[in-house]
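Dear colleague,

Please find below the structure that I am handing over to you. A summary of the findings follows it.

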Amino acid sequence: YYLKPKNMLQYFIQDDESGAQELANVSEEKTLSLMELLFQGGIAGSIIIAILLILLFIAIYLYFERSFAIKAASKEDVNFMNQIKEHIAGGNLEGATQLCTQKDSPVSRITAKGISRIGSPLEDINTAIENAGKLEVYKLEKNISILATIAGAGPMIGFLGTVIGMVLAFHELSSSGGQAEMGALAEGIYTAMTTTVVGLIVGIVAYIGYNHLVVKTDKIVYQMEMNAVDFLDLLNEPA
């Protein structure tokens, strides 16, 4: 059997083209999109993945919503207490209250509550400021506890998916008398692996976001306490 040079060249070109086509087909078969990979684990796995993705969306939304709210509340005017002191020293309580209203921050609202109690015993003023401070802290920490809940629930839900996936895999194995092929076990294995990964991602994101917001909130609480002490010292100064 003998091939002429021209026929030999055509033969090798056709062989290379067929090999490249087979390689492309194999690559196309092995390529999976992210969504296909996540929802490849059957109905149970898809439901758990959907729940985890919803929790991830809620965690990200709450983090940014609280971040913007805390950032707005943390704006501080270094001359605020000096201006309050000038108004109170001059007996202009109405001007001091108006200044607090213009600032519209946790510190200014606490100070306004203290100004409204001027003339009462110092203990009553201190109690009013503490109660106002608790209310402001509650506003700052609103919905942050949900992030902590998601940080704990996310990995647990993912682990639930892992257990369900392994149960499905072993059920398939036992139903086939121990002779099940890997393809038959794929659905349970996909459920076990993907739910674990997504659950951990949700937990990590929520945990980091929660702790970051707690640190930023503590800074504002410290700022409020410092200004409350300055205001009470102002009232204790001799006339």
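A residue is called buried when its relative accessible area is under 20%, exposed when that area is over 50%, and partly exposed in between. By this cut-off Glu-136 is buried, because its relative accessible area is 5%. Please bear in mind that this is a predicted model.

**Overall fold**

The chain contains nine helices and zero strands, so that its pattern along the sequence reads α-α-α-α-α-α-α-α-α. Of its 239 residues, 30% count as buried. Among contacts between residues at least 6 apart in sequence, 77% join residues at least 24 apart. The chain exposes about 15400 Å², and carbon and sulfur atoms supply 62% of that area.

**The nonpolar core**

The largest nonpolar core comprises 38 residues. Those with the most contacts inside this core are Phe-80, Ile-84, Ile-115, Ile-129, Val-202, Met-224 and Phe-231. At least two core residues come from each of the helices α3 (42–73), α4 (80–89), α5 (93–103), α6 (106–116), α7 (122–140), α8 (144–175) and α9 (182–236). Helix α9 gives the most, with 11 residues.

Met-224 deserves a separate entry. Leaving aside residues up to four places away in sequence, Met-224 touches Pro-106, Val-107, Ile-110, Gly-133, Glu-136, Val-137 and Leu-140. Glu-136, one of these contacts, returns below in the account of the salt bridges.

**A nonpolar patch on the surface**

Which residues form a nonpolar patch on the surface? They are Ile-60, Phe-64, Phe-68, Val-197, Ile-201 and Val-205, with about 550 Å² of accessible area together. Helices α3 and α9 each supply at least two residues of the patch. Phe-68, which is found in helix α3, has a relative accessible area of 59% and is therefore exposed.

**Salt bridges**

Side chains of opposite charge can pair when their charged atoms come close. A search of the whole structure finds three salt bridges.

One of them joins the side chains of Arg-66 and Glu-65, at 2.9 Å from N to O. Arg-66 counts as buried because its relative accessibility is 8%, whereas Glu-65, with a relative accessible area of 29%, is partly exposed.

Another is formed by the side chains of Glu-136 and Arg-109, again with an N to O distance of 2.9 Å. This pair links distant parts of the chain: Glu-136 lies in helix α7 and Arg-109 in helix α6, 27 residues apart. Arg-109 has a relative accessibility of 32% and so counts as partly exposed, while its partner Glu-136 is buried at 5%.

Glu-136 also forms a salt bridge with Lys-139, where the closest N and O atoms are 3.9 Å apart. Lys-139 and Glu-136 are three residues apart in helix α7, so about one helical turn separates them. Lys-139 is partly exposed, because its relative accessible area is 42%. Through salt bridges that share partners, Arg-109, Glu-136 and Lys-139 are joined into one network.

**Where to look**

When you open the model, Glu-136 may serve as a starting point. This buried residue is in contact with Met-224 and belongs to the salt-bridge network with Arg-109 and Lys-139. From there you may turn to Met-224, which is among the core residues with the most contacts inside the core, and then to the surface patch that includes Phe-68.

With kind regards

Note on methods: Residues are numbered from 1 along each chain as its sequence is written. This is a predicted model: local features need pLDDT of at least 70, side-chain atom pairs count only at pLDDT 80 or more; totals for chains, interfaces and linings use all residues. Side-chain values use heavy atoms; hydrogens and water are left out. A nonpolar core is a set of buried Ala, Val, Leu, Ile, Met, Phe, Trp, Tyr and Cys residues joined through side-chain atoms within 4.5 Å. Buried means under 20% relative accessible area, exposed over 50%, partly exposed in between (1.4 Å probe, protein chains only). Helices (H or I, at least four residues) and strands (E, at least two) are DSSP runs, numbered from the N terminus. Contact means heavy atoms within 4.5 Å. Patches are made of residues with over 30% relative accessible area and no salt bridge: like charges are joined within 9 Å, nonpolar side chains (Val, Leu, Ile, Met, Phe, Trp, Tyr) within 5 Å. Accessible areas come from the Shrake-Rupley method with a 1.4 Å probe; for residues, only the protein chains shown count as cover. A salt bridge is a side-chain nitrogen of Lys or Arg within 4 Å of a carboxyl oxygen of Asp or Glu.
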